[in-house]
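User: Could you take me through this model and explain what stands behind each label you use?

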Amino acid sequence: MDYTSTHPLPDPELNPEFYADTPAKRFFAWLVDGVLIFLVTLLVLPFTAFTGLFFYPLLWLVISFAYRTITLASGSATWGMRLMSVEMRTHRGARFGLGEAFVHTLIYSFAISTFFIQVISIVLMLTTARRQSLGDHLLGSVAINRAATAG
């Protein structure tokens with residue numbers, strides 16, 4: 001693995017395998033995570049005596065935030081990302097801890113709630129060398145192919 005002396009993350013020109021297909025993988029991971037969050041919200045509803053139906057969007061938001069933060073902090077990837085063999089790395093090339101996971105999820109939650117910002121984020125993922133979303137650019141984080149780290 002070739003890293004530059006000025007940047008601890010893999011160079012996209014020297015090691016394109018780290019970033020190959022990550023936007024598509026992140027999209028499919030996002031779909032898987034959405035299904036998992038939906039299933040968890042369905043499991044939680046009876047414990048709210050079904051009053052959760054009256055504030056379902058808020059319930060979804062809380063469960064989604066917790067799910068994303070916990071899974072990113074525990075394995076530097078949500079379960080959907082793990083299924084797609086993608087993991088997040090900090091600007092130092094390290095795996096996410098709780099702090100990075102929380103801030104990344106906070107930025108993601110804001111971006112997903114704002115159509116214009118989400119469009120910018122998607123365009124950045126499709127056009128930048130490291131395939132970073134807007135939130136990734138703000139934090140300096142990247143999504144890389146887990147298989148590339150094993151080789």
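Analyst: Here is a short exchange about burial, contacts, helix packing and backbone angles.

User: What kind of model is it, and how are the values filtered?
Analyst: This is a predicted model, in which local features need pLDDT of at least 70 and side-chain atom pairs count only at pLDDT 80 or more, while totals for chains, interfaces and linings use all residues. Residues are numbered from 1 along each chain as its sequence is written, and side-chain values use heavy atoms, with hydrogens and water left out.

User: Let's start with R68. Why is R68 called buried or exposed?
Analyst: R68 has a relative accessible area of 9%. Buried means under 20%, exposed over 50%, and partly exposed in between, with a 1.4 Å probe and protein chains only. R68 is therefore buried. This arginine is placed in helix α2; helices are DSSP runs of H or I with at least four residues, strands are E runs of at least two, and both are numbered from the N terminus.

User: Which residues surround R68?
Analyst: Leaving aside neighbours within four places in sequence, R68 is in contact (heavy atoms within 4.5 Å) with W30, D33, I37, T78, T105 and Y108.

User: What makes the pair R68 and Y108 a polar contact?
Analyst: The two side chains come to 3.3 Å. The term asks for a pair of N or O atoms within 3.5 Å; within protein, one must be able to donate a hydrogen and the other to accept it, and residues adjacent in sequence count only if both atoms are side-chain atoms. The side chains of R68 and Y108 make such a polar contact.

User: How are α2 and α4 arranged, and which way do they cross?
Analyst: Helix α2 (residues 56-75) and helix α4 (residues 98-112) pack at about 145 degrees, and their axes are 8 Å apart. The axes are lines fitted to C-alpha atoms, for helices over the stretch in contact, and angles run from 0 to 180 degrees between N-to-C directions. The crossing of α2 and α4 is right-handed. A crossing has that name if the near helix is turned clockwise from the far one by less than a right angle, and is left-handed if anticlockwise.

User: Which residues meet there?
Analyst: From α2 come F65, R68, T69, L72 and A73, and from α4 come L98, A101, F102, H104, T105, L106, Y108 and S109. By class, this contact has eight nonpolar, four polar and one charged residues. Here Ala, Val, Leu, Ile, Met, Phe, Trp, Tyr, Cys and Pro count as nonpolar, Asp, Glu, Lys and Arg as charged, and the others, Gly among them, as polar.

User: Which residues form the largest nonpolar core?
Analyst: That core has nine residues: A29, L72, A77, M81, V86, M88, F96, A101 and A143. The name is for a set of buried Ala, Val, Leu, Ile, Met, Phe, Trp, Tyr and Cys residues joined through side-chain atoms within 4.5 Å. As for M81, its contacts beyond four places in sequence are A29, D33, L72, V86 and M88.

User: Why is S76 called buried or exposed?
Analyst: With a relative accessible area of 1%, S76 is buried. S76 sits in the loop between α2 and α3 (79-83). Beyond four places in sequence, S76 is in contact with T71, E87, M88, R89, R95 and F96. A polar atom of the S76 side chain lies 2.4 Å from the backbone oxygen of M88.

User: And what about T71, buried or exposed?
Analyst: T71 counts as buried, because its relative accessibility is 4%. T71 is in helix α2 and touches S76, A77, T78, W79 and R82, not counting residues up to four places away.

User: Why does L36 get its accessibility label?
Analyst: L36 is at 26% relative accessibility, so it counts as partly exposed. This leucine lies in helix α1 and touches Y67 and W79, not counting residues up to four places away. L36 and G80 are 44 residues apart along the chain, with their C-alpha atoms separated by 8.6 Å.

User: What makes the phi values of A49 and S85 worth pointing out?
Analyst: Most residues other than glycine have a negative phi. A49 has a positive phi of about 55 degrees although it is not a glycine, and S85, also not a glycine, has a positive phi of about 60 degrees.

User: Where are those two, and how accessible are they?
Analyst: A49 lies in the loop between α1 and α2 and counts as exposed at 57%. S85 is in the loop between α3 and β1 (86-89) and is partly exposed at 24%.
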